[in-house]
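Dear colleague,

I am passing on the structure below, together with some notes on the pairing of charged side chains in it. Please read the notes with the structure open beside them.

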Amino acid sequence: MLCSFRGKAMKNLVAELLIKLAEKDEEHRLLQERLTAMELIVASLLETITPEARTSFHQTFESLTNQAADASAQREALTAWAGCLEKIAAMKQL
């Protein structure tokens, strides 16, 4: 009887974990879609501004990144955004 209860409890636990994993996967997919949309928007905006304004924007962004708090998560997020901006700038130059 105890083994049967443990088996059901383990199955329930596994099922709950699979549901949570699916939810996280969906959240990740939605975040990726938002990031892609944001990249397209920024790329479009960068195309409409002068090279001088683009340089100023990039310098301001780098300055804000350097001034950010030393919290590693925030620094990593800003570094990731800087990488996105570099990719966008590279697309613009193609």
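Helices here are DSSP runs of H or I with at least four residues, numbered from the N terminus, and it is in this sense that helix α1 is named below. Please keep in mind that the model is a predicted one.

A search of the whole structure finds 3 salt bridges, and I take the two that involve Arg 29 before the remaining pair. Arg 29 forms a salt bridge with Glu 33, with 2.3 Å between the closest N and O atoms; because the two residues lie 4 apart in helix α1, about one helical turn separates them. Salt bridges with shared partners join Glu 26, Arg 29 and Glu 33 into one network. Within that network, Arg 29 also pairs with Glu 26, where the closest N and O atoms are 2.4 Å apart, and these residues, being 3 apart in helix α1, are likewise about one helical turn from each other.

As for solvent exposure, Arg 29 is partly exposed at a relative accessible area of 36%, Glu 26 is partly exposed at 35%, and Glu 33 also counts as partly exposed, at 43%.

The remaining pair is Glu 27 and Lys 24, whose side chains meet in a salt bridge at 3.9 Å, N to O, a distance to be read against the cut-off of 4 Å. Glu 27 and Lys 24 are 3 residues apart in helix α1, which spans residues 2-48, and so they are separated by about one helical turn. Glu 27 is partly exposed, with a relative accessible area of 43%, whereas Lys 24, at 55%, counts as exposed.

With best regards

Terms used
Residues numbered from 1 in each chain as written. Predicted model: local features only at pLDDT ≥ 70, side-chain atom pairs only at ≥ 80, totals over all residues. Heavy atoms only, no water. Buried < 20%, exposed > 50% of the residue type's maximum accessible area, 1.4 Å probe, protein only.
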